[in-house]
Amino acid sequence: MKLCMIGTGYVGLVSGVCFADLGNDVICVDKDISKINLLKKGKVPIYEPGLSELVIKNYKNKRLSFSSDLKKSIIESDIIFICVGTPTKKGGSSADLRQIYKVSKEISSSINKFKIIITKSTVPVTTGDEIEKILSKKNKKKKFSVVSNPEFLREGEAIRDFIYPDRVVIGTNDKKTGKILKSLYSPLISKGASYLQTSRRAAELIKYASNAFLATKITFINEIANLCEKTGINVEDISIGMGLDKRIGSRFLRAGPAYGGSCFPKDTKAIISTADKFKTNLSVIKSVIKSNENRSKILLDRIYQILNKKIKNKKIAFLGVTFKANTDDMRDSSSLKMIPWLSKKGAIITYFDPTGYKDEFSSLKNVTNKTTIKEAVQGSNLVVIHTEWNDFKSINFKSLVNGKKFIIFDMRNIYSSSKIKDQGFKYYSVGK
Ligand code: UDX
């Protein structure tokens, strides 16, 4: 069976490379020729630990190839994964499916033998039905099968998440297709992944419901953290105490800045939009979106209080600006709300991120990128730990002070408050 991944973004590239590493023959296709040329040279256009090594290894042993010729790649393949972007529509909240439908039309005119066409991109309920309609215009129904197989990988952990997923979800009612896909995923199932075959619409919704639920969990603990701050309770005790209940589970209960990234903000909006279409009110998810949008304001207000209501001319250093650690992704990062606001109020901001300079701040007044932690924090009044990179987990703050000690606001609760305070620093964290 030959696989074709259409789109070499996060999902397509990681899945394609990992499928090749499991012994499959995989073509990764992208309309962006410069990206394909880079990949052929073993250069990976996204930041993902371990990915470049796997690309080089599998490209060398010829299980993995790259192409910008979509038609030829489809003709040569048996299983086609659609992995193109489904961003939020400009000025709206639903998913923009133009790329999905464009690719579907292209597939439609290249079906030369039975093909399984899979959406791995996150697509709203009924998208599979629409793809099937497009394909049916030019092809007999027995020539293809349209499946939903959502991907649950996290940036920064993508390879591990692909190889050791909690579950593989296959949305199809077709027995033959189900059998082929179960066999494709058998190396992961034999390592312990649960396998769920369900209807196509259910698989589409499982992805959105999962992301919305995880976003709810984070937002929930962030609001509980607000209450902890007012009542002298440590939110980490609450997370542990709640997490010990197996019905709740301990993961995704870490309080911190607003959740961000390429999925949670986009998918929570898109599921609301789908529900609106079907005249259903998802009031819980609506409040999650609202609460998360308000989260940065709450943390900014804390900065304002920490700095005794004086922000103008205060030197503030940000450690980490991406939406989380182990990624260079700035999409919907809470720093994109916090840094512009502080800059507008007259703060002088320096930032250090392990993934370097960020164009997003280039037009802001008094915002400078520094290439080391030391340079970033020198002379600061306040150091904000914004993401939980390992680089920030055992900083010797004393050795970085040159003159007056800075205040530390640890938004990820990395440090032990007593240890930092023992070193003579004023230390603030979240939910404590
Ligand atoms: C997420 C889902 O986890 C993944 O299954 C899906 O396919 C894509 O979206 P990702 O966006 O890479 O993955 O990041 P994730 O690790 O889930 O974190 C999302 C956001 O939540 C980040 O801003 C992170 O900092 C925040 N978060 C996560 C918390 O604030 N607290 C937590 O306990 C966990």
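Start with domain 1 and domain 3: in this predicted model, their C-alpha centres sit 38 Å apart. To colour them, select 2–198 for domain 1 and 294–429 for domain 3. The domain assignment also gives domain 2, at 208–293, so give that stretch its own colour.

Next, zoom in on where domain 1 meets domain 3. The contact draws 7 residues from domain 1 and 9 residues from domain 3. Together the two domains bury about 560 Å² between them, and 44% of that is on carbon and sulfur atoms. On the domain 1 side, select Tyr47, Glu155 and Gly156: these lose the most area to domain 3, and together they make up 82% of what that side buries.

Keep Glu155 selected and add Arg331. Here you'll find a salt bridge, with the closest N and O atoms 3.9 Å apart. With a cut-off of 4 Å for that N–O distance, the pair makes it onto the list. How many salt bridges does the rule find across the interface of domain 1 and domain 3? The count is 1.

Now switch on polar contacts between domain 1 and domain 3: there are 2 residue pairs, both at pLDDT 80 or more. Colour the domain 1 side that touches domain 3 by class, and you get 3 nonpolar, 1 polar and 3 charged residues.

Last stop, the ligand. Show the 18 residues around it. Which of them come nearest? Pick out Phe152, Glu155, Arg254, Lys324 and Arg412. Glu155 should look familiar, as it was also your partner for Arg331 in the salt bridge.

Three backbone spots deserve a distance label each:

- Phe152: a polar backbone atom is 2.7 Å from an oxygen atom of the ligand.
- Arg254: a polar backbone atom is 2.9 Å from a nitrogen atom of the ligand.
- Gly260: a backbone N or O atom lies 3.0 Å from an oxygen atom of the ligand.

Finally, put a surface on the ligand, then on the protein. Taken alone, the ligand exposes 670 Å². How much of that does the protein bury? The protein buries 95% of the ligand's exposed area.

Terms used:
Residues are numbered from 1 along each chain as its sequence is written. This is a predicted model: local features need pLDDT of at least 70, side-chain atom pairs count only at pLDDT 80 or more; totals for chains, interfaces and linings use all residues. Side-chain values use heavy atoms; hydrogens and water are left out. Domain bounds come from an automatic or database domain assignment. Contact means heavy atoms within 4.5 Å. Buried area is the accessible area (1.4 Å probe) that two parts lose on being put together, summed over both. A salt bridge is a side-chain nitrogen of Lys or Arg within 4 Å of a carboxyl oxygen of Asp or Glu. A polar contact is a pair of N or O atoms within 3.5 Å; within protein, one must be able to donate a hydrogen and the other to accept it, and residues adjacent in sequence count only if both atoms are side-chain atoms. Ala, Val, Leu, Ile, Met, Phe, Trp, Tyr, Cys and Pro count as nonpolar, Asp, Glu, Lys and Arg as charged, and the others, Gly among them, as polar. A residue is near a molecule or strand if one of its heavy atoms lies within 4 Å of it. Accessible areas come from the Shrake-Rupley method with a 1.4 Å probe; for residues, only the protein chains shown count as cover.
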